[in-house]
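This briefing goes through a structural model by topic, taking in confidence, fold, the contact between chains and a few local details. Please read it alongside the sequence and the coordinates displayed below.

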Amino acid sequence: MTEGQLLSLAQQVVSGLSAGSIYALLALALVLIYQSTDVVNFAQGEMAMFTTFIAYTLLTWYGVPFLPAVALTLVFAFLLGYLVERVVVRPVEEAPVLSVVIVTLGLYSIFNSVAGWVWGYVPKGFPSPISGGTVWFLGLTVGLLDLWILGCGLVIMVLLHLFLRRTTLGTAMRAVAHNRTAARLVGIPVGRMLSLGWGFSAMLGAIAGMLAAPKIFLEPNMMAGVLLYAFAGAVLGGLSSPFGAIAGGLLVGVIENLLGALVATELKSGLAFFMILAVLVVRPQGLFGTVHRRKV
Amino acid sequence: MVGRILLTVLVICLLTAPLFINQFANFVLSRMAIYTVVALGLNLLTGYSGQISLGHGAFFAIGAYGAAIVANRLGLPWPLCILTGGLAAGLAGYLLGWPSLRLTGPYLAIATLALAVAVPQALLKFEDLTGGVQGLKLSQPQPPLGLGLAQDQWLAYICLVTAMIMVWLTVNLVRSRIGRALIALRDSEIAAQAVGVSLARFKTLAFATSAFYTGLAGGLLAYLLGYIAPDAFTLVVSIEFLTMVVIGGLASVAGSIIGAAIIVVLPLLSSNLTDYLARLLNLVGLSAIGATTKGLIWAIYGVILILVMVFLPGGLVSLYHKAKNLWARTGPVKKAGAGDRPGERG
């Protein structure tokens, strides 16, 4: 392999990591919910899209400056996630998996269609503090936007890790995810923790949406592809492992870009399907997940 | 006995209806029949054998395209083309059934969701075969001479009769050894296996059969429309399918039919409904710039899905059973009780 080819390969890896960090954030949101409630939230991507539209509205319709708009959006996302869990998911908590899946699909439809009704289906640009431009780094041309996405993604992941490991609230949430009965016995308000978990997940989704929007444009169906890759990432890393979700998401981003560059761009779309299927067949618990033994 | 008579009357009504209703009504009736076939298939998989599929839109597409391609390339008569579409989808379902053996619950939902997204994109990619964005045209079956039927009436008959055959097949299938095996596996895999039900065999069979039904319906749709394109088979179609099965009632043949009828009629009613909703929102000052209220039908589906799951997990069919139970408990005391044991009276 010549040096030129190697460089272009490295180039693909870098832009793959940038896309991957968006997948990783959304995968993390999925895993946070799955871990504690055994619910796979099919509406995660649509909730992210919806909150990104809220940010867009604040920024362009009401002229709110960037940072306050982001802060307000995060508050909105948190409340949205909290309410969704409390109002819609809680009643089917004890129901079979199918019911829960269907409820989140219902949410998917609602968010998608309401967003289309309010904001229309014309793709919109989303402002970003970092716009175009590139930097040179070890002979690579790296888009500033890519760097910004990757950087933000990593910072958020570290913050979340610290939150879950070092704060009382984070520990309580992990306890609920680990063993609900035991958590309740030591006095943790389990229900509130679950709602909080959904709230935080929605915030992660909102961040993923706002990071992705400058790149893929804002429209009601923007997250469909992203969600699929996030699923692929979460499944690859293991639905039960937050670290796995991050690693899986980044890996999926890189694989997607390499495949697009080396083989054919059109094949990228089917990739998520085959990746999910392959992982589930070969190693259903994912790369970093743990196997749960069920008593029968 | 009463049930038998009602059923016969219903069948006769349905079979004479295409002669008396207009073209549009025939189209709606045909679509109901097609969706019934899908609902039966999906219910076999999700209702009776407990496996979630968000990917039936993909099988629907495979059936439609299978039929259209065979019709255009080989020029086979339409029943064979529809059957080929069904078999192609069935094969795809069988193949997907194998990896699915290792997947349960949410994992299966994720995998089938990915399929539903991948297939329309594959349709765009393999342009030579599928016509890409343009889609495929196919000539609709001509009504046989001498019957004096119009095109739409003949199509309605094709769809109706197919749906009736499939209903009859399904009713018998779920009462057979296979149906019992599927239900047993759904309720407890371990217990079912312990009494000798082969997990692999029946689960793949359920997938293949379910996909076959859906593919058959896809083939019918291709002929009904005379034209198919990838945008008719997006993920929302798969959600639509799941919605109708859930609304009607899981693991119920009657539920499948009710669900199919509702999902076909609902969008027709909802154009008024969403207009009304939009006006209502305008009144309270929430005017939307999107201005297309048509898309709001999906929000209505979503609300219905959630409401049904929370308040009526058994679907509309369970209302009937509930009413029956209520009647049995609170209704007038049956005279039959005495007649059963005449000795007591004497």
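In this predicted model, 48% of the 346 residues of chain B count as buried. The secondary structure of chain B consists of 16 helices and 2 strands, and, among its contacts between residues at least 6 apart in sequence, 77% join residues at least 24 apart.

**Confidence**

- For the model as a whole, the scores are ipTM 0.83 and pTM 0.84.
- Chain A has an average pLDDT of 84, with 94% of its residues scoring at least 70; within chain A, the mean pLDDT of the elements is lowest, at 73, for strand E1 (residues 134-137) and highest, at 93, for helix H3 (residues 66-89).
- Chain B also averages a pLDDT of 84, and 88% of its residues score at least 70; residues 337-346 of chain B, however, have a pLDDT below 50, and this stretch makes 1 contact in the model beyond near neighbours in sequence.

**Contact between chains A and B**

- The contact draws on 39 residues of chain A and 40 residues of chain B.
- On the side of chain B that touches chain A, helix H5 (105-125), helix H11 (235-248) and helix H13 (297-311) of chain B each contribute at least two residues, and the largest share, 13 residues, is supplied by H5(B).
- Sorted by class, that side of chain B is made up of 30 nonpolar, 8 polar and 2 charged residues.

**Helix H1 of chain A**

- Helix H1 of chain A covers residues 3-37, and because a rise of 1.5 Å a residue predicts a span of 51 Å for its 35 residues, the 49 Å between its end C-alpha atoms agrees with expectation.
- The residue that follows H1(A) is Asp38(A), which has a positive phi, near 60°.

**Surroundings of Pro127(A)**

- Pro127(A) lies in the loop that runs between helix H4 (97-119) and E1 of chain A.
- Is Pro127(A) buried or partly exposed? Pro127(A) counts as partly exposed because it has 14 C-beta neighbours inside 10 Å, whereas 20 or more would be needed for a residue to be buried.
- Once its neighbours within four places in sequence are left aside, Pro127(A) is in contact with Leu59(A) and Phe66(A).
- Along the chain, Pro127(A) and Pro214(A) are 87 residues apart, yet their C-alpha atoms are separated by 6.3 Å.

Technical notes. Residues are numbered from 1 along each chain as its sequence is written. Chains are lettered from A and ligands numbered from 1 in the order in which they are written. This is a predicted model: local features need pLDDT of at least 70, side-chain atom pairs count only at pLDDT 80 or more; totals for chains, interfaces and linings use all residues. pLDDT is the predictor's confidence in each residue, from 0 to 100. Helices (H or I, at least four residues) and strands (E, at least two) are DSSP runs, numbered from the N terminus. Two residues are in contact if their C-beta atoms, placed from the backbone, lie within 7 Å. Ala, Val, Leu, Ile, Met, Phe, Trp, Tyr, Cys and Pro count as nonpolar, Asp, Glu, Lys and Arg as charged, and the others, Gly among them, as polar. A residue is buried if 20 or more other C-beta atoms lie within 10 Å of its own, exposed if 12 or fewer, and partly exposed in between; C-beta atoms are placed from the backbone. The expected span of a helix is 1.5 Å times one less than its number of residues.
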